[in-house]
Amino acid sequence: MIDFINDYLTPVYSDFLQSESLNDLCELKSFYFDGTDVPDYTNPLIQQYYLLKFAPAYIWEYKRLYDYAYIKNSFHKIYSFGCGAGLDLAGQYLSLKKNLTSVDYKGLDLVDWNYKPFPVSTNINYAVNDIDSISKETLKDRNILFFPKSLSEFSDSKFNHLFDAIQNTNFIEPEICLIISSTDSKDEPRFESIVKGFISRGYIYKFSEYDGFYNWKNESPSKGIKSIDYCFDYPDEIKEHLNNLTSMCLKKNCADNSCNIDIWPVLTTKNMYFAHTILVKN
Ligand SMILES: C[S@@+](CC[C@H](N)C(=O)[O-])C[C@H]1O[C@@H](n2cnc3c(N)ncnc32)[C@H](O)[C@@H]1O
């Protein structure tokens, strides 16, 4: 995993250094999350900053989710809603011991992100579109529906559209795995309404293990990921650079003395809040 993270971050970091010398860094002040008020993901500098901060921890979390989602033996036909760069596919790849031959991946996002760990191929596709373009035809051949840190970002009307599309889909596969990684309090009720939607259509839980969300951020707050998994790491050089960004901004005459764009990459479990369940057609 360490090699994968290093290889993944190298071009992101080198482009970030390049962007830094071309731009002042004030744009990074707009990098915050508050419900549907989110950073401008179309901005390449914001994408780089996001990935340098979150990608290793998120890839690790998604790997861990796939390790524990009990779906090892089937062919994985994934739909990733709000897939971004496709970090969830990287987690899947690492969980499957660097092998994607049993995976067919379709991701959808409003933004065509740079830095996809895996390019388009016969079994990997990314649609650049709004969630409200999804129909029952889009989803019917899928058996894994994944919401990677995205569900709370959809407006209420778009979420309602998505909910109806899922409810109206006649899934070909008898088993459907639902997975969410959460960022916001809106995620939980939304995900649970999707689960209940399946139950209302006669699906049952495959295992009795599903007991809602796993909340690592409360159970082991700020536990270092590396202390759980020695295969996880983050390059020191990038970490130190991100921690001294404010002093590197080229806008020297800026009047905003309170500005602080330094970031720590996420290296702990504090952002980890997730759920998964498998539902079976009765
Ligand atoms: C926090 S990011 C997560 C990205 C990625 N899944 C990850 O794990 O890093 C949320 C993503 O949801 C996407 N998104 C938000 N609203 C959307 C919509 N209405 N339709 C499609 N994608 C949307 C954003 O463009 C963004 O890429």
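A crossing of two helices is left-handed if the near helix is turned anticlockwise from the far one by less than a right angle. Keep that in hand for the exercises below, which work on a predicted model.

**Exercise 1. Describe how helices H1 and H2 cross, and find which residues make the contact.**

Solution. Start with the general idea: two packed helices are described by the angle between their axes and the distance between the axes.

Step 1. Take H1 as residues 2–22 and H2 as residues 44–68. Their axes come within 9 Å and cross at roughly 145°.

Step 2. Now the hand: the crossing of H1 and H2 is left-handed.

Step 3. Look at who touches whom. H1 brings Ile5, Tyr8, Leu9, Val12, Tyr13, Asp15, Phe16 and Ser19. Facing them, H2 supplies Pro44, Leu45, Gln48, Leu51, Leu52, Ala55 and Pro56.

Step 4. Sort this contact by class, and you get 12 nonpolar, 2 polar and 1 charged residues.

**Exercise 2. Find which residues touch the most other members of the largest nonpolar core, and which helix gives the most to this core.**

Solution. Step 1. The core holds 61 residues, and Ile59 and Ile179 touch the most other members.

Step 2. Helix H2 gives the most, with 12 residues.

Step 3. Follow Ile59 outward: beyond residues up to four places away in sequence, Ile59 touches Leu87, Ala90, Gly91 and Leu94.

**Exercise 3. Characterise the shell around the ligand.**

Solution. Step 1. Count 19 surrounding residues, the closest being Gly82, Gly84, Ile131, Pro148 and Ser150.

Step 2. Helix H3 (87–95) and strand S2 (103–109) are the elements giving two or more residues to the shell.

Step 3. By class, the shell divides into 10 nonpolar, 3 polar and 6 charged residues.

Notes:
Residues numbered from 1 in each chain as written. Predicted model: local features only at pLDDT ≥ 70, side-chain atom pairs only at ≥ 80, totals over all residues. Core = buried A, V, L, I, M, F, W, Y, C linked by C-beta atoms within 7 Å. Buried ≥ 20, exposed ≤ 12 C-beta atoms within 10 Å, placed from the backbone. Helix = DSSP H or I, 4+ residues; strand = E, 2+ residues; numbered from the N terminus. Contact = placed C-beta atoms within 7 Å. Axes fitted to C-alpha atoms, helices over the stretch in contact; angles between N-to-C directions. Nonpolar A, V, L, I, M, F, W, Y, C, P; charged D, E, K, R; others polar. Near = placed C-beta within 6 Å.
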